[in-house]
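Student: I have a structure open and want to learn how to read its features. Where do we start?

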Amino acid sequence: MPIEFDVKITANDMYRFNMYHIYTSFTGIFSILAAVLGFVAAVGTYGKVDTMYTVLYIIFGIVFLFYFPLILKMRAARQISMSEALKSTLHYMLDDEGIHVSLGEENALLEWKQIYKMVSTKHNVLIYSSRVNAYILPMEIVGGQYAALKELADKNLKKHQNCMKKR
């Protein structure tokens, strides 16, 4: 039985996707470690070096801690505003064949064998077509159909591709 959704992505949905994507990659992990290192250096050098160095370590930590979230927030809003496809409502139909996406008269099929991975987060279901591109299904829209969606993923994806959590 097919599962269908009509999805209009918001800037907040895009932001959450970008945050997930960055903070599960080397770049995001590195930025957190750099922020922690900056704060540890500030505490460790307090009173031992010139105050300016301690302040610079704190600034370094703050920049690494808040840089990506601020940049991603601005990027998400820009991505939505600049893309006609993202401004529109996309219709998704998921069945045993794959994910059918339609926008007006245009249709596309992403077969299950073409899916890189499928992930559920607190706010979204992400269907990756490559390492960096994903279809975003907000959890508020998936709602009560999550169990059926997970069942389809369990049935059609390999274990390492399926990161759908039990709810």
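**Rings, pocket and sheet**

Tutor: Start with one side chain: at 24% relative accessibility, Tyr135 counts as partly exposed. Keep in mind that this is a predicted model.

Student: Is its ring partner Tyr92 buried or exposed?

Tutor: The test is a cut-off: buried means under 20% relative accessible area. Tyr92 has 2%, so Tyr92 is buried.

Student: How do I read the geometry of that ring pair?

Tutor: Look at the centres, then at the angle between the planes. Planes over 60 degrees apart count as edge-to-face. For the partly exposed Phe64, at 24% relative accessibility, the ring pairing comes later. Here, Tyr92 and Tyr135 are 5.8 Å apart centre to centre, with 85° between the planes, and form an edge-to-face pair. The pair links distant parts of the chain. Tyr92 is in strand β2 and Tyr135 in strand β7, 43 residues apart.

Student: How many aromatic pairs does the structure hold?

Tutor: The structure holds six. One of them joins Phe60 and Phe64. Their ring centres are 4.7 Å apart and their planes stand at 55°, so this pair is tilted.

Student: Where do Phe60 and Phe64 lie?

Tutor: Both are in helix α3. They are four residues apart, about one turn of the helix. Phe60 is partly exposed, with a relative accessible area of 37%. Phe64 is partly exposed too, at 24%.

Student: Which residues do ring pairs link into a cluster?

Tutor: Phe26, Phe30, Phe60 and Phe64.

Student: What about charges and rings? Which ring does the charged end of Lys73 sit over?

Tutor: Check the distance from the charged end to the ring centre. Lys73 sits over the ring of Tyr15, 4.5 Å from its centre. A second case is Lys117, with its charged end over the ring of Tyr128, 5.1 Å from the centre.

Student: Now the pocket. What is the volume of the largest pocket?

Tutor: About 450 Å³. Next, look at the lining. It has 24 residues, and the closest to the pocket centre are Met14, Leu86, Asn133, Ala134 and Tyr135. Tyr135 is thus a name to recall from the ring pair with Tyr92.

Student: Which elements give two or more residues to that lining?

Tutor: They are α1, α3, α4, β2, β3, β4 and β7. The largest share, five residues, comes from α1.

Student: How does the lining of the largest pocket divide by class?

Tutor: Count 15 nonpolar, seven polar and two charged residues.

Student: How do I read a sheet?

Tutor: Strands pair through backbone hydrogen bonds, either parallel or antiparallel. So read the strand order, then the sense of each pairing. In this model, four strands form an open sheet in the order β7-β6-β5-β8, and the pairing is mixed.

Student: Which strands stand at the edges?

Tutor: β7 and β8. Each has a single partner strand, so one side of each is left without a neighbour in the sheet.

Student: In which sense do β5 and β6 pair?

Tutor: Antiparallel, over four bridges. Strand β5 covers residues 117-120, and strand β6 covers residues 124-128. Within this pairing, Ser120 stands opposite Val125 in β6.

Student: How far apart are Leu65 and Val36 in sequence and in space?

Tutor: Compare the two separations. Leu65 and Val36 are 29 residues apart in sequence and 8.4 Å apart in space, C-alpha to C-alpha. Leu65 lies in helix α3. Its relative accessible area is 35%, so Leu65 is partly exposed.

Conventions:
Residues are numbered from 1 along each chain as its sequence is written. This is a predicted model: local features need pLDDT of at least 70, side-chain atom pairs count only at pLDDT 80 or more; totals for chains, interfaces and linings use all residues. Side-chain values use heavy atoms; hydrogens and water are left out. On a 1 Å grid over the protein atoms alone, a cavity is a set of points where a 1.4 Å probe fits but cannot get out, and a pocket is an open set with protein on both sides within 12 Å along at least five of seven lines; lining residues have an atom within 4 Å of a point. Grid points are joined across faces, edges and corners, and a volume is the space filled by probe spheres set on the points. Ala, Val, Leu, Ile, Met, Phe, Trp, Tyr, Cys and Pro count as nonpolar, Asp, Glu, Lys and Arg as charged, and the others, Gly among them, as polar. Rings of Phe, Tyr and Trp (its six-membered ring) pair if their centres lie within 6.5 Å; planes under 30 degrees apart count as stacked, over 60 as edge-to-face and the rest as tilted. Buried means under 20% relative accessible area, exposed over 50%, partly exposed in between (1.4 Å probe, protein chains only). A charge sits over a ring if NZ of Lys or CZ of Arg is within 6 Å of the ring centre and within 35 degrees of the ring normal. Two strands pair if DSSP finds at least two bridges between them.
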